Amino acid sequence: MLLCKKIKIEVSRQDAEALEFMQAKCRGLYNWWVMRLRHGERWNFERAKKSLRESKQYDPELRYVYGKLLAEVYFRLDKAILGFFRRVKAGEKPGFPRFKPRHQFFTLCYPAIFLEVRDKTIILPTGGGGNWGPKRYHNIKAHLTEEPPDHFHEVAVTRDARGNYSCSFVYDDAEQQEDDGRKACKRQEKRKERPLRADGVVAFDLGIKTLATGVNDQGRFYHIGGFKGYRYYNKQLDKIRSKRDKCKKKSRRYIHLSKVYRRVAEKKRRKQQDCLHKASHLIAGTLAERAVVIGDLSQRQMVIKKQEGETRKERRKRQLRNRMVYNDWGLYGFVQMLEYKCLRFGKELHIIDERDTTKTCHVCKHKKDMPLWIRTYRCENCGLVMDRDKNSALNIYERFLARPGPHM
Ligand SMILES: [Zn+2]
């Protein structure tokens, strides 16, 4: 399957300048097209690609940008437009292609055949040279801080909020194993340590307080805690932002505080991503059960709606909660990680209807309302007392077994 490895690169100041120049030009071209489309111009991929010549005449500096990067801009636009039409057709939120803001780095996509890696150094070409006329920037020599995959398909250059550049290599893991015998052995050895129970099933309830609570076919419970530092980071972020907003815009202090804000936000995001990766890896890679079952999140109403005449306390609670769901929770990303990791480790991921799994008693199927703050399920009917997440996980497990069709 296709995987991606992101590796930090080190570049000289001059090379960084070249990267910045090229991304700015690519973004300019992209935004210019978005503007034209917004004014009602029809999109035609072939015609747009051919117009690059005229664009170069209009802005001769485009010649200093590597041609394949400019070509990639049209592919990106094409994808964005097709996505837009697909969403319109499906009756979803249309989401017309947007302008790419200046403060964000416009990702540069290099096709692999034109790239060369030697001793952890990758050469990223710039525009011009030979028949193409003078070169303003030398080809970029970037030092990779890790070993890149053997046969990669394409490479995307990005910059994070702190100004570090990295290369993301897209590669097929099957191609790696065939070619590099030693590595393949290592990987297999590692896998052998973890026996897979072919008939094993583990069901997870995904939540806010605990990231995942699971139960397997042998009645064993798993608790996966998740990222804990939201409050710590949010408090810092709020403080920095409020300080910044008191400054004059574009003043030195304002710019400094913006930088600090971005750095802290990036750190929080990294920690959170790391935590989700570890948790999904644990479920997909380490646990012995072959079938992993989770509830379908799209059916869940997570966001609290604003109510008429809510008290201050309620308002605060709603705000905190919705910030959690929108910014910090990351469960949707978590499910995506689970999907590809399960595929990779040869497991089956089942996503089933989870309606009422928290409300139902798993023993007698009695239903009752379970507001979020009640952490323990107490059944009036049969006297069951159990943690709400555990009860829900058991319900998901039983629902999975009870559903029609082949289970394995
Ligand atoms: Zn009961």
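## An exposed arginine and its partner

Let's start at the surface of this predicted model. Arginine 118 has a relative accessibility of 57%, so it counts as exposed, since the cut-off for that label is over 50%. Its side chain meets that of glutamate 116 in a salt bridge, with N and O 2.7 Å apart. Glutamate 116 comes out at 40% relative accessibility, so this residue counts as partly exposed.

Why would two such side chains meet at all? Side chains of opposite charge can pair when their charged atoms come close.

## More salt bridges

How many salt bridges does a search of the whole structure find? The search turns up 23. One example is the pair glutamate 146 and lysine 5, whose closest N and O atoms are 3.9 Å apart. That pair links distant parts of the chain: glutamate 146 sits in the loop between β5 and β6 (152-159), while lysine 5 belongs to strand β1, 141 residues apart. Glutamate 146 is partly exposed, at 37% relative accessibility, and lysine 5 is partly exposed too, with a relative accessible area of 27%.

Here's another pair to look up: lysine 359 forms a salt bridge with aspartate 356, and their closest N and O atoms are 3.9 Å apart. Lysine 359 has a relative accessible area of 33%, which makes it partly exposed, and aspartate 356 gets that label as well, at 25%. Salt bridges can also join up into a network, as they do for Lys25, Asp59, Glu61 and Arg136.

## The zinc site

Now find the zinc ion. Which residues coordinate it? The answer is four cysteines, each using its SG atom: Cys361, Cys364, Cys379 and Cys382, at 2.3 Å. If you follow the sequence, the donor residues are spaced C-x2-C-x14-C-x2-C.

What shape do the four donor atoms make around the zinc ion? Their angles run from 106 to 114°, so the arrangement is tetrahedral. For background, the ideal angle for four tetrahedral donors is 109.5 degrees.

Are the cysteines buried or exposed? Take two of them. Cysteine 361 has a relative accessible area of 0%, so it is buried, whereas cysteine 364 counts as partly exposed because its relative accessibility is 27%.

## Histidine 362

Between those two cysteines in the numbering, have a look at histidine 362, which lies in the loop between β12 (348-352) and β13 (376-378). With a relative accessible area of 14%, histidine 362 is buried, because anything under 20% gets that label.

What does histidine 362 touch? Leaving aside neighbours within four places in sequence, its contacts are Leu384, Met386, Asn391, Leu394, Asn395 and Glu398. With asparagine 391 there is also a polar contact, side chain to side chain, at 3.0 Å.

## Strands side by side

Strand β1 (residues 2-10) is a good one to trace. Strand β1 pairs with strand β7 (residues 165-172) in the antiparallel sense, over eight bridges. Within this pairing, lysine 8 has serine 166 in β7 as its bridge partner. Strand β1 also runs antiparallel to strand β5 (residues 140-144), joined by two bridges. There, isoleucine 9 has leucine 144 as its bridge partner, and glutamate 10 stands opposite histidine 143.

Strand β5 has another antiparallel partner, strand β4 (residues 121-124), with four bridges between them. Here the bridge partner of threonine 121 is histidine 143 in β5.

## Two faces of β5

Which side chains of β5 are buried? Ile140, Ala142 and Leu144 are, and they point to one face, while Lys141 and His143 point to the other and are not buried. That fits a general pattern: in a regular strand the side chains alternate between the two faces of the sheet.

## A serine in a helix

Last stop: serine 55, in helix α3 (residues 52-58). Serine 55 is buried, because its relative accessible area is just 10%. Setting aside neighbours within four places in sequence, serine 55 is in contact with Leu29, Trp32, Leu62 and Tyr74.

How values were computed
Residues are numbered from 1 along each chain as its sequence is written. This is a predicted model: local features need pLDDT of at least 70, side-chain atom pairs count only at pLDDT 80 or more; totals for chains, interfaces and linings use all residues. Side-chain values use heavy atoms; hydrogens and water are left out. Donors are N, O and S atoms within 2.8 Å of the metal (3.2 Å for Na, K and Ca); water is not among the atoms, so sites may look incomplete. Four donors count as tetrahedral if all angles lie between 85 and 135 degrees; four count as square planar and six as octahedral if opposite donors are over 155 degrees apart and all others between 65 and 115; anything else is irregular. Buried means under 20% relative accessible area, exposed over 50%, partly exposed in between (1.4 Å probe, protein chains only). Two strands pair if DSSP finds at least two bridges between them. A polar contact is a pair of N or O atoms within 3.5 Å; within protein, one must be able to donate a hydrogen and the other to accept it, and residues adjacent in sequence count only if both atoms are side-chain atoms. Contact means heavy atoms within 4.5 Å. A salt bridge is a side-chain nitrogen of Lys or Arg within 4 Å of a carboxyl oxygen of Asp or Glu.
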